[in-house]
Amino acid sequence: MNSKYLWTALAALIFLNGCNQDESSTLSTAVEPPKTDVELLNEQEWDDNRVYVTKDNYILTKEANGTIPGIMKPCFVVNSAKEWPREDLSNADSYDLPRVDFRWNNGDFVSASASEKAIYESYDKVWSIKTDGTDLRLVTDDFSGDVRIMRRSPNNRYLAYSYASRTSGGTDKVVFDVQTQKSTLLGTDLGHSQFLWAEDSSYLYFEDRAKYWKYEITTGKITQMDDDFYFSEVGVIYGGKRYVVSEFGVGVYDEKSDKRLYGVSIYPKELQEKKKKQGYLVITREHSLQYELKSRSISPDGKYAWGESVQYRYFINTETKEVKLEKKDPKKKSQYRFFDVLGLNAEYVRSASAGSARQYKLTIDKKLFSQTQHWGQICSGHSATLSWLYNGFANNGAFIKEDK
């Protein structure tokens, strides 16, 4: 049929149909839009029951191991990081639970001759996720190198991190603004990295060129601290106090005056008594091997700290100054293992791994095996580590919603 006559007939049909309806009614001419690539992919039946988020990224759902059966957890496959949702400070739903930042190179190992995209996917990026394993977000990919350490500000807006730069050849120290997506380079050296945020997020202490510095957020001013000023890789400022978890215990300082208030030592009592008598204590190689804390963590309010040496694990109450310890014994169940991420009031702990999350709700006396969950939350790439807690006061510190 000639198209001219077809459209004439169609118009007549519409007119006649309209005459038989109430004058207020209208004919719906809406046509369903074509389905997106993601919708078409999700209509297919996949053996692994994957659900696509974008054309190249999807989520698997797997059962977590642990004391609570039937708990299902998402496992993320990210083949195109730039398509993945970024962390959005205006999205209140992202902050109803504590979160952890972590580093993840979501792509496979590649050679130098690989495509630019494949190389990008294989590089480190900073990600974040809720402590219940949901709401994975890309925080920043605004660098090229291997992440060394990262610390989030108490207001969640700023991420301080360092990385072994592929361009400068040193360790770059950076503050990334999640809101503006802008990065500020604080320094570059070949040494150690440390960061500590102010309680109100207005300034940041950092280490560069074996010196301590203070960076003010609003002005960008950087000031070198006095030689007797001290903070550490693991610590927190809360309630006007600066908690410093060092290699051999916890020091507590008044943040305003920088006066040392007290310390909690992990040394055995006999060594502490020796130090009191002599006024000093020579740290021998034997002491270092036995007691020096290689791994450390602290709760968001500074009340609890944890550390692990070659031979021991320690759990410290900084208020009562009580130190509990256990000697490592592969034949016995540990009570203080996997405390790398220490939640508010030490009710929950997590391992530092992000590729395979190991999370515990502690007993009343702050030991393991009340509730455990272990799940693989990263299902692509080759490593995800350095988990560090932020937004730790959300949900009263509980890592899952049911226990707030």
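Tyr348, Gln359, Tyr360, Lys361, Gln371, Gln373 and Ile400 line the largest cavity in this structure, which is a predicted model. Two elements each give two or more residues to that lining, namely strand S26 (356-361) and strand S27 (371-376). S26 gives the most, with three residues. Sorted by class, the lining comes out as three nonpolar, three polar and one charged residues. The volume of this cavity is about 40 Å³, and the structure holds just one cavity of 30 Å³ or more.

Zooming out to the whole protein chain, the secondary structure amounts to five helices and 28 strands. Of the 404 residues, 47% count as buried. As for the outside, the chain exposes about 21300 Å², and 50% of that comes from carbon and sulfur atoms. Looking at contacts with a sequence separation of 6 or more, 46% are between residues 24 or more positions apart.

Next comes the nonpolar interior. The largest nonpolar core has 21 residues, and the members touching the most others are Val78, Phe102, Trp104, Trp127 and Leu136. Strand S4 (72-78), strand S5 (99-105), strand S6 (125-130) and strand S28 (383-390) are the elements that give two or more residues to this core. S5 gives the most here, with three residues. Trp127 is worth a closer look. Leaving aside residues up to four places away in sequence, Trp127 touches Val78, Ala81, Trp84, Val100, Asp101, Phe102, Trp104, Asn106, Leu136, Arg137, Leu138 and Val139. Val78, Phe102, Trp104 and Leu136 thus turn up among the contacts of Trp127 as well as among the core members that touch the most others. A second core, of 19 residues, lies apart from the largest one, and its members include Ile266, Leu293, Tyr314 and Trp388.

One loop residue rounds off the picture. Asp142 sits in the loop between strand S7 (137-140) and strand S8 (145-152). Asp142 counts as partly exposed because its relative accessibility is 43%, which falls between the 20% cut-off for buried and the 50% cut-off for exposed. Not counting residues up to four places away in sequence, Asp142 touches Tyr161 and Ser183. Gln181 is 39 residues from Asp142 in sequence, yet the C-alpha atoms of the two are 8.7 Å apart in space.

Note on methods
Residues numbered from 1 in each chain as written. Predicted model: local features only at pLDDT ≥ 70, side-chain atom pairs only at ≥ 80, totals over all residues. Heavy atoms only, no water. Core = buried A, V, L, I, M, F, W, Y, C linked by side-chain atoms within 4.5 Å. Buried < 20%, exposed > 50% of the residue type's maximum accessible area, 1.4 Å probe, protein only. Helix = DSSP H or I, 4+ residues; strand = E, 2+ residues; numbered from the N terminus. Contact = heavy atoms within 4.5 Å. 1 Å grid on protein atoms, 1.4 Å probe; cavity = no way out; pocket = protein on both sides within 12 Å on 5 of 7 lines; lining within 4 Å. Points joined across faces, edges and corners; volume = space filled by probe spheres on them. Nonpolar A, V, L, I, M, F, W, Y, C, P; charged D, E, K, R; others polar. Areas by Shrake-Rupley, 256 points an atom, 1.4 Å probe, with all protein chains shown as cover.
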